Amino acid sequence: MSPLGLLVVGAPHEASAEVEALLASLPSSLPVPVVLVVHRRAQELLAGSLARRCPLPVLEPDDKDELVAGRVYLAPSGYHLLVDRGCVCLSREPAEHGQRPAVDPLFESAADAYGPAAAALLFSGHDDGWAGLATLGARGGHVAVIGEGEPVEGVERVPLKDVKVWLARLSYVPRMKVQP
């Protein structure tokens, strides 16, 4: 059983192609749900394009949908996407950083609901997501940024090509030795 319970991902609209590449690199047997916020315009269709190369189903959830391992939950246009223990919640709270959906509410809800069992990946290039990343890191979650930028204490920089290795490292469970 993986010590990781949830992967949350946040990205600005400009990183859509990189998000598609990230999703394509995920293993088809990923043992956790992935919850994704990409900044988007109203009524912009995104799930279909992101699902093209992803080995996991990509869907826009309804409020209170159960989180299932091996699925990607994409924030619908016009809603913040939050997580609670075992389900998603849609919110029409005001925009943050001029965005709805925004990344900070997702990361902060992951910190509240999953703490150290959550991992977060933030694509750089926008102010949204840094506060939520700090909150999740402070609660013991695993946090990393994809993209160029200045080093930030407590935040790993992971090249897009190495995300699969990063996830494998977080999901590793050492075998217990049998004691005589």
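On helix α4 of this predicted model, Ala 134 and Ala 138 are exposed. They lie on the other side of α4 from its buried residues, and those buried residues are Gly 132, Leu 133 and Leu 136. The three cover an arc of only 100° around the axis, which puts them on the same side of α4. What, then, covers the buried residues of α4? The cover includes the strands β1, β7 and β8, together with helix α3. Just after α4 comes Gly 140, and this glycine takes a positive phi of about 90°.

Let us stay with α3 for a moment. Helix α3 spans residues 103-114 and helix α4 spans residues 130-138. Their axes come within 7 Å and cross at roughly 10°. An angle under 35 degrees counts as roughly parallel, and therefore α3 is described as roughly parallel to α4. Which residues of α3 meet α4? They are Asp 104, Phe 107, Glu 108, Ala 110 and Ala 111. On the side of α4, the partners are Trp 130, Ala 131, Gly 132, Leu 133, Thr 135 and Leu 136. Sorted by character, the residues of this contact comprise 7 nonpolar, 2 polar and 2 charged.

I turn now to the sheet. It is an open sheet of 7 strands with parallel pairing, and the order of the strands is β3-β4-β2-β1-β7-β8-β9. The edges are held by β3, residues 58-59, and β9, residues 156-157. Each of these has a single partner strand, so one side of each is left without a neighbour in the sheet. Helix α3 packs on this sheet, where it touches β1, β2 and β7; the direction of α3 makes about 165° with that of β1. As a reminder, strands of a sheet pair through backbone hydrogen bonds, either parallel or antiparallel. One parallel pair here is β7 with β8, residues 142-146, joined by 5 bridges. Within β8, His 142 stands opposite Ala 119.

Helix α1 offers a second example of a helix with a buried face. It runs over residues 16-25, and Ser 16, Val 19, Glu 20, Leu 22 and Leu 23 are buried. Seen down the axis of α1, these buried residues fall within an arc of 160°, so they line one face of the helix. Their cover includes the strands β1, β2, β4 and β7 and the helices α2 and α5.

Next, consider an antiparallel pair. Strand β5, residues 80-84, is joined to β6 by 5 bridges, and the two run antiparallel. His 80 stands opposite Ser 91 in β6. The hairpin of β5 and β6 has 2 residues between the strands, and in this hairpin Gly 86 takes a positive phi near 90°. How much of β6 is buried? Of its 5 residues, 4 are buried, so β6 is largely enclosed by the rest of the structure.

Finally, I would draw attention to Gln 99, which is found in the loop between β6 and α3. Is Gln 99 buried or exposed? Its relative accessible area is 18%; the limit for a buried residue is under 20%, and therefore Gln 99 counts as buried. Leaving aside residues up to four places away in sequence, Gln 99 touches His 39, Arg 40, His 80 and His 126. His 80 is thus a contact of Gln 99, and it is also the residue that stands opposite Ser 91.

Terms used
Residues are numbered from 1 along each chain as its sequence is written. This is a predicted model: local features need pLDDT of at least 70, side-chain atom pairs count only at pLDDT 80 or more; totals for chains, interfaces and linings use all residues. Side-chain values use heavy atoms; hydrogens and water are left out. Axes are lines fitted to C-alpha atoms, for helices over the stretch in contact, and angles run from 0 to 180 degrees between N-to-C directions. Angles under 35 degrees count as roughly parallel, over 145 as roughly antiparallel, 65 to 115 as roughly perpendicular and the rest as oblique. Contact means heavy atoms within 4.5 Å. Ala, Val, Leu, Ile, Met, Phe, Trp, Tyr, Cys and Pro count as nonpolar, Asp, Glu, Lys and Arg as charged, and the others, Gly among them, as polar. Buried means under 20% relative accessible area, exposed over 50%, partly exposed in between (1.4 Å probe, protein chains only). The arc is that of the directions from the helix axis to the C-beta atoms. Two strands pair if DSSP finds at least two bridges between them.
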